Amino acid sequence: METEKGKTYKYLREKREVPQAAKDRMKQFNTVKKAILSALKEEEMTIKQLTEKLEMPADEVMFWLMSLLKYGYIQTGSLDDMDEYFTYKIKE
């Protein structure tokens, strides 16, 4: 007996629809992720530098940075000149 690959996935996809709010949140995550990663391609940056470059509030930048850090897209770099703030960079 041969089993059809992905049959369970197809069945569940028909039965359960992804909420629109989840789709919108994922779209927003991908947009912000792309903006942050393109800013970090140039150089390591602190949260303050990213807020100025992306023109976003610091709390939002912090939220997205911590999400990217959690999922392994970025990592912490060195401390700034005054040893107060970490810089962030793309994970190597």
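**Why these labels? Glu 55, helix H4 and the salt bridges**

Visitor: Why is Glu 55 called exposed?
Guide: Its relative accessible area is 73%. Exposed starts over 50%, so Glu 55 earns the label. Bear in mind that this is a predicted model.

Visitor: Where is Glu 55 found, and what is its phi?
Guide: Glu 55 sits in the loop between H3 and helix H4 (58-70). Its phi is positive, about 55°, although Glu 55 is not a glycine. Most residues other than glycine have a negative phi. Just after H4, Gly 72 also takes a positive phi, about 85°.

Visitor: What makes Thr 51 buried?
Guide: Thr 51 has a relative accessible area of 14%. Buried means under 20%, so Thr 51 qualifies.

Visitor: And what is Thr 51 in contact with, leaving aside neighbours within four places in sequence?
Guide: Met 56, Pro 57, Ala 58 and Val 61. Thr 51 itself belongs to helix H3 (residues 47-54), and its side chain reaches the backbone oxygen of Lys 48 at 2.6 Å.

Visitor: How do you know that the buried residues of H4 line one face of the helix?
Guide: Start with the list: Val 61, Trp 64, Leu 65, Ser 67 and Leu 68. Looking down the axis of H4, these fall within an arc of 160°, so they line one face. On the face turned away from that buried side you'll find the exposed residues Asp 59 and Lys 70.

Visitor: What covers the buried residues of H4?
Guide: The cover includes helix H2 (20-42), H3, strand S1 (74-79) and strand S2 (86-90).

Visitor: Why is the pair Glu 42 and Lys 53 called a salt bridge?
Guide: Their closest N and O atoms are 3.0 Å apart. The cut-off is within 4 Å, so the pair counts. Glu 42 is in helix H2 and Lys 53 in helix H3, eleven residues apart, so to speak a link between distant parts of the chain.

Visitor: Why is Lys 53 called partly exposed?
Guide: Lys 53 comes out at 42%. Partly exposed lies between 20% and 50%, so that's where Lys 53 lands. Its partner Glu 42 has 57%, over the 50% cut-off, so Glu 42 is exposed.

Visitor: How many salt bridges does the structure hold?
Guide: Three. Another joins the side chains of Glu 52 and Lys 48, at 3.3 Å from N to O. Because Glu 52 and Lys 48 are four residues apart in helix H3, about one helical turn separates them. Both are exposed.

Definitions and conventions. Residues numbered from 1 in each chain as written. Predicted model: local features only at pLDDT ≥ 70, side-chain atom pairs only at ≥ 80, totals over all residues. Heavy atoms only, no water. Helix = DSSP H or I, 4+ residues; strand = E, 2+ residues; numbered from the N terminus. Buried < 20%, exposed > 50% of the residue type's maximum accessible area, 1.4 Å probe, protein only. Polar contact = N/O pair within 3.5 Å; in protein donor to acceptor, adjacent residues only side chain to side chain. Contact = heavy atoms within 4.5 Å. Arc of directions from axis to C-beta.
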